[in-house]
Amino acid sequence: MSILRFGGSISRALKSPCRPRTVLPITSTVLSTIPRRGFHAAPSLWGIKSQVLKDVGEGIMEVQIIQWYVEEGAHIEEWKPLCQYQSDKAVDDITSRYEGVVKKLHFQADDTVPTGKALCDIEVDDAKYPDDSPKPEPQAEPVQSTPAPVDTQTTQQTPIPEPVSETRDAPKSRYASLATPAVRGLLKIHKVNILDVKGTGKDGRVLKEDVNRFIAMRDSGVAEQSAVSETPQTETAVNLTPIQSQMFKIMTKSLNIPHFLYADELKIDTLTAMRKRLANDPKDPIKITFLSFVIKAVSLALSEYPLLNAKVDTSDPNKPKLIMRPKHNIGVAMDTPQGLIVPNIKDVANRSILDVASEVSRLSALGKEGKLTPADLSGGTITVSNIGNIGGTYVGPVLVPTEVAILGIGRSRTVPIFDDAGQVTKGELVNFSWSADHRVVDGATMARMASRIRDCIESPELMLLNLK
């Protein structure tokens with residue numbers, strides 16, 4: 001038994017009655033035998049936060065992961081990009097809400113993620129972030145089944161199957177129709193169907209090298225033979241692309257809206273002559289297209305007929321409402337490598353025709369590169385679709401559920417017409433076709449608005465009176 005005395009020595013008392021107590025001095029040897037209790041700092045509290053895919057707006061319920069900028073075990077800073085995604089309308093980045101270490105990626109590239117699901121788990125400092133995110137979904141542990149007893153005699157007699165040759169052509173995966181915007185642009189330039197190209201990327205994804213190889217073989221006359229041999233002889237199911245999926249949903253909803261069509265022919269000789277004069281101005285590098293004048297004319301007409309800029313609110317089916325929108329955010333339907341998309345030009349009423357032309361050029365360039373953002377695609381109030389750039393004299397455009405009117409422009413053509421003196425001369429005509437929501441828009445209102453736009457297009461000097 002040992003006793004530590006405050007005087008600086010250790011007394012060891014022996015219980016034996018025949019031996020006196022002995023006092024031992026404190027030495028380094030004795031101190032080394034005394035256990036020491038060290039002081040330890042409290043460990044930092046680290047927890048797991050799940051980065052959840054939030055609603056990206058415009059009724060989009062799922063997105064497709066294009067690529068991850070991080071990998072498991074990597075450190076990520078707050079508001080730095082986590083991944084790139086493609087929605088039904090645009091390509092954009094998702095930034096990190098937390099700073100920490102990426103512990104798990106719940107989805108891989110090309111996977112489709114519904115809104116509300118966790119994209120990844122990040123280990124963070126609990127002191128920095130409160131418990132404001134849902135816990136990651138528990139993963140069911142695999143159940144280890146007890147292996148069945150093996151009959152050694154049967155195993156020895158069972159022949160081992162020969163390995164399948166790797167040269168056998170694998171069926172095209174569901175990713176065969178996917179490609180980056182740059183690859184799709186290359187396909188469009190060379191008029192190549194993506195399904196004709198054998199992809200060598202992950203899961204059969206088509207790469208730029210695959211397209212160049214296909215073009216070289218096609219130009220050398222070899223592609224026709226290979227295409228015949230690789231074309232499947234049976235029907236195959238192909239998933240819709242994200243943009244096709246969105247179009248499917250929107251057009252299905254559009255069937256619930258009673259449409260009516262109003263068409264008219266416009267004489268655009270004066271406007272064409274004005275555009276030619278402006279094109280010869282070396283100080284103006286921006287190409288002012290016919291569409292730019294149409295968009296401005298639509299905005300001027302909307303100031304007189306604001307009903308065509310409204311939105312129908314049916315959240316209460318028993319009491320529908322009209323939402324009158326003050327800004328003219330005019331959508332422009334564009335044919336891009338990703339499919340049909342409709343970005344919109346914001347607040348056209350407060351823009352000049354030159355501003356409108358510049359914005360059309362910017363959106364068109366971003367659309368070809370697949371870099372349009374959700375901000376470019378959301379908030380439209382009325383749409384203009386210039387199908388005449390591709391072909392077709394007449395068109396019956398289909399309404400977007402969040403709008404009450406849409407304009408379709410056909411191809412311009414030169415035809416013989418009678419002038420004011422009754423003489424036959426040539427004239428340049430174009431067809432304007434309107435579709436409107438007949439639940440709230442009557443034919444007379446639509447005709448008056450269309451006539452106002454016709455006046456502005458046939459006599460463009462009238463637009464000068466209202467330009468700001």
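Y98 is buried in this predicted model, where its relative accessible area comes to 1%. Its ring takes part in an aromatic pair with Y129, and the structure holds 1 such pair. The points below take up that pair, then the confidence of the prediction, then the helices that cross α8, and lastly three residues in their surroundings.

**The aromatic pair**

- Y98 and Y129 meet edge-to-face, with 5.1 Å from centre to centre and 85 degrees between the planes of their rings; the pair counts as edge-to-face because its angle is over 60 degrees.
- Distant parts of the chain are linked by this pair, since Y98 sits in the loop between β8 (91-95) and β9 (100-105), while Y129 sits in the loop between β11 (118-125) and α2 (152-157), 31 residues apart.
- Y129 is buried as well, with a relative accessible area of 8%, and both residues are classed in this way because their values, 1% for Y98 and 8% for Y129, fall under 20%.

**Confidence of the prediction**

- The protein has a mean pLDDT of 78, and 73% of its residues reach 70 or more.
- Residues 133-143 have a pLDDT below 50, and in the model this stretch has 12 contacts beyond near neighbours in sequence.
- Residues 148-175 likewise have a pLDDT below 50, and this second stretch has 13 contacts in the model beyond near neighbours in sequence.

**Helices crossing α8**

- Helix α8 (residues 290-304) and helix α11 (residues 443-458) have axes that come within 9 Å and cross at roughly 135 degrees, which means that α8 is oblique to α11.
- The crossing of α8 past α11 is right-handed, and the contact involves F290, F293, V294, A297, V298, L300, A301, L302 and E304 on the α8 side, with M449, R452, I453, C456 and I457 on the α11 side.
- Helix α9 (residues 353-369) also has an axis that comes within 9 Å of the axis of α8, and these two cross at roughly 120 degrees, so α8 is oblique to α9.
- Here too α8 passes in a right-handed crossing, and the residues that meet are S292, F293, I295 and K296 in α8 and I353, V356, A357 and V360 in α9.
- F293 belongs to both sets of contacts, being listed among the α8 residues that touch α11 and among the α8 residues that meet α9.

**Three residues in their surroundings**

- Q84 lies in strand β7 (residues 81-86), and with a relative accessibility of 19% it counts as buried because the cut-off for that class is under 20%.
- Leaving aside neighbours within four places in sequence, Q84 is in contact with Q64, I65, I66, Q67 and Y69, and also with V91, D92 and D93.
- V398 is placed in the loop between β19 (382-386) and β20 (405-409), where V398 is partly exposed, with a relative accessible area of 37%.
- The C-alpha atoms of V398 and I257 are separated by 9.7 Å, although these residues stand 141 residues apart along the chain; leaving aside neighbours within four places in sequence, the contacts of V398 are with M251, S254, H259 and I406.
- K117 belongs to the loop between β10 (112-114) and β11, and K117 is partly exposed, with a relative accessible area of 34%.
- Between the C-alpha atoms of K117 and V52 there is a separation of 5.5 Å, while along the chain these residues are 65 residues apart.

Terms used. Residues are numbered from 1 along each chain as its sequence is written. This is a predicted model: local features need pLDDT of at least 70, side-chain atom pairs count only at pLDDT 80 or more; totals for chains, interfaces and linings use all residues. Side-chain values use heavy atoms; hydrogens and water are left out. Rings of Phe, Tyr and Trp (its six-membered ring) pair if their centres lie within 6.5 Å; planes under 30 degrees apart count as stacked, over 60 as edge-to-face and the rest as tilted. Helices (H or I, at least four residues) and strands (E, at least two) are DSSP runs, numbered from the N terminus. Buried means under 20% relative accessible area, exposed over 50%, partly exposed in between (1.4 Å probe, protein chains only). pLDDT is the predictor's confidence in each residue, from 0 to 100. Contact means heavy atoms within 4.5 Å. Axes are lines fitted to C-alpha atoms, for helices over the stretch in contact, and angles run from 0 to 180 degrees between N-to-C directions. Angles under 35 degrees count as roughly parallel, over 145 as roughly antiparallel, 65 to 115 as roughly perpendicular and the rest as oblique. A crossing is left-handed if the near helix is turned anticlockwise from the far one by less than a right angle, and right-handed if clockwise.
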